[in-house]
Amino acid sequence: YNKKVTSMNFLSFSSPIIAIIQSILKAKRQGREVWFYFLWMTLVLPRIIFGPSRVVVSSFPLVSSRRHHSPSSSFVRWFTSESTSGSRTGLTMKSEDDVVAKMVSCSKLEECGARIREGHLVAFPTETVYGLGCHALDTEAVARVFCAKERPTTDPLIVHLNSPEQALPLWSVSEEEKECLQILMEAFWPGPLTLVAHANDTVVPPLLTADTGFVACRSPSHSLARSLIEAAGVPIAAPSANKFGHVSPTQAQHVFDDLHQEDVWIIQYKPENSCQVGVESTVVKIQWDPNTQQGSVLLLRHGAISAHQLQKSLLSITTKWQVSIRPKHTSEQTPNVAPGQNIRHYSPHCDCFMISSQKYALEEQEQSMLSQVVVIDFAGQLDYMRDSCLAYRDLSLKGNSQEASASLFETLRWSETIPNATRVYIPEIDINKN
Ligand code: TXA
Ligand code: MG
């Protein structure tokens, strides 16, 4: 696994030209104005060609930008100006040794809120994972997040708010969709459920939604996340605060390990209380079909809240909505179809293998290989490797999936710290049993 190769697909030297042409064609097909792209080509392309060190900008032509949502933001100005902060939030690349990120304590919450309002980045704990937060309605700030994470702009961000009342203006939905959203918000907010519905595109920047026309909202239950939203006074867009493709962070130190070269403040919180769910929120997309008079709640990403729980809460009020589950992943080349569902995701630095639950006797070569293997077990399924492997941890001896989730990402990151490890083994898990 080579994380750089994945993200560099979008940042490479040849892709900007192709991406710009694709964007123009797409905009033309959709009957949109294309002046922005021509401006882009004349202002930015010469910089890409004559200044290869500034190639980071090339991740953005994939997104159309007909509107500017922040009064202070100008897409073109941002792309053509030098970074104001000295970090790679603008156009300059940094050397490996630069440390720009700052750890801050919870007592600095008001300053963190002001920093978000002003368009800068703050990483904060939620009940799921650490988020990399920015002013959700400021295109320039959202662009900084994509840049810091080295995330392709085909992968939209989640907006964090403190109440349904704050979320509703960001959506533009039918009465039926509103009813469904309200049932789910009432049942699961605040908490680890993200709701995707048609965006109100007079408010929501297209960069935030990856130009999908849909926006994702969630209301975190973590008290610090809620206080930060309150202090910022604006909705906060926040992906997980890791580099794109890497394991999500559940501690301030994990964020620092990935983003220390970025201009980001990282709020420190007691590790044992920071991200108790430990895996990301469940993501569902809500759509009403006026022809069939039926609604679909499509589960895009599994998380702490199950499809069964969602269906149960809807059925207690209406039979008009059907919960279904989307295929698990798409190839890395598929844009926009299934954001966040890339086949490579949450990837530690070593290769990961799933070991069949069928027990076979290990061959001699497999046995000797174990001296380079970190085993991350569940309910003692791989206990027979314990004495021969390099390092061993069990996520939940009792086979409790909630307990396992809480330490999964932390354990994957731990596996990266084991000297001489070349592989991680995890057991095949029967999801119907656990
Ligand atoms: O628990 C969480 O959800 C964490 C914390 C920080 O809140 N955030 C998080 O964000 O996991 P991120 O960016 O790592 O994952 C967001 C995923 C996307 O990859 C995509 O699957 C889905 O949410 N998503 C966001 N906006 C969407 C949209 N407009 N349409 C479809 N899917 C969307
Ligand atoms: Mg993520």
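By the distance rule for sulfur pairs, the count of disulfides comes to 0. The structure is a predicted model, and its chain of 434 residues has 53% of them buried. The secondary structure comprises 15 helices and 15 strands.

**Cysteines**

- Cys350 takes part in no disulfide, since the nearest cysteine sulfur, which belongs to Cys352, lies 7.8 Å away and a disulfide requires sulfur atoms within 2.5 Å.
- Cys350 is a buried residue, with a relative accessible area of 13%.
- Cys147 is also buried, and its relative accessible area is 3%.

**Overall build of the chain**

- Of the contacts in the chain with a separation of 6 or more, 70% involve residues that are 24 or more positions apart.
- The chain has an accessible surface of about 19500 Å², and carbon and sulfur atoms account for 53% of that area.

**Aromatic pairs**

- The structure contains 2 aromatic pairs.
- In one of them, the ring centres of Trp288 and Trp321 are 5.5 Å apart and the planes meet at 45°, so this pair is classed as tilted.
- Trp288 belongs to strand β9 (residues 282-289) and Trp321 to strand β11 (residues 321-325), so the pair ties together parts of the chain that are 33 residues apart in sequence.
- Both tryptophans are buried: the relative accessible area is 12% for Trp288 and 1% for Trp321.
- Phe353 and Tyr425 form an edge-to-face pair, with 6.0 Å from centre to centre and 80° between the planes.
- This pair links distant parts of the chain, as Phe353 is in strand β12 (residues 351-355) and Tyr425 is in strand β15 (residues 423-427), 72 residues apart.
- The two partners differ in exposure: Phe353 is partly exposed, with a relative accessible area of 30%, whereas Tyr425 is buried, at 9%.

**Charges over rings**

- Phe353 has a further partner in Arg423, which lies over the face of the phenylalanine at 4.2 Å from the ring centre.
- Arg393 places its charged end over the ring of Trp414, at a distance of 4.3 Å from the ring centre.

**Nonpolar cores**

- In soluble globular proteins, nonpolar side chains tend to be buried together.
- The largest nonpolar core in this model consists of 72 residues, and Trp171 and Leu195 have the most contacts inside it.
- Leu195 is in contact with Trp171 itself, and its other contacts include Leu181, Leu184, Met185, Trp189, Val215, Val284 and Ile286, when neighbours within four places in sequence are left aside.
- A second core, separate from the largest, has 16 residues, among them Val247, Ile376, Ala404 and Val424.

**Val129 and its surroundings**

- Val129 is located in the loop between β2 (121-125) and β3 (130-135).
- Although placed in a loop, Val129 counts as buried, because its relative accessibility is 4% and the limit for a buried residue is under 20%.
- Not counting residues up to four places away in sequence, Val129 touches several residues, including Phe124, Ser240, Ser248, Pro249, Cys275, Val279, Glu280 and Phe409.
- Val129 and Pro239 are separated by 110 residues in sequence, while their C-alpha atoms are 9.3 Å apart in space.

How values were computed. Residues are numbered from 1 along each chain as its sequence is written. Chains are lettered from A and ligands numbered from 1 in the order in which they are written. Side-chain values use heavy atoms; hydrogens and water are left out. Helices (H or I, at least four residues) and strands (E, at least two) are DSSP runs, numbered from the N terminus. Buried means under 20% relative accessible area, exposed over 50%, partly exposed in between (1.4 Å probe, protein chains only). Contact means heavy atoms within 4.5 Å. Accessible areas come from the Shrake-Rupley method with a 1.4 Å probe; for residues, only the protein chains shown count as cover. Rings of Phe, Tyr and Trp (its six-membered ring) pair if their centres lie within 6.5 Å; planes under 30 degrees apart count as stacked, over 60 as edge-to-face and the rest as tilted. A charge sits over a ring if NZ of Lys or CZ of Arg is within 6 Å of the ring centre and within 35 degrees of the ring normal. A nonpolar core is a set of buried Ala, Val, Leu, Ile, Met, Phe, Trp, Tyr and Cys residues joined through side-chain atoms within 4.5 Å.
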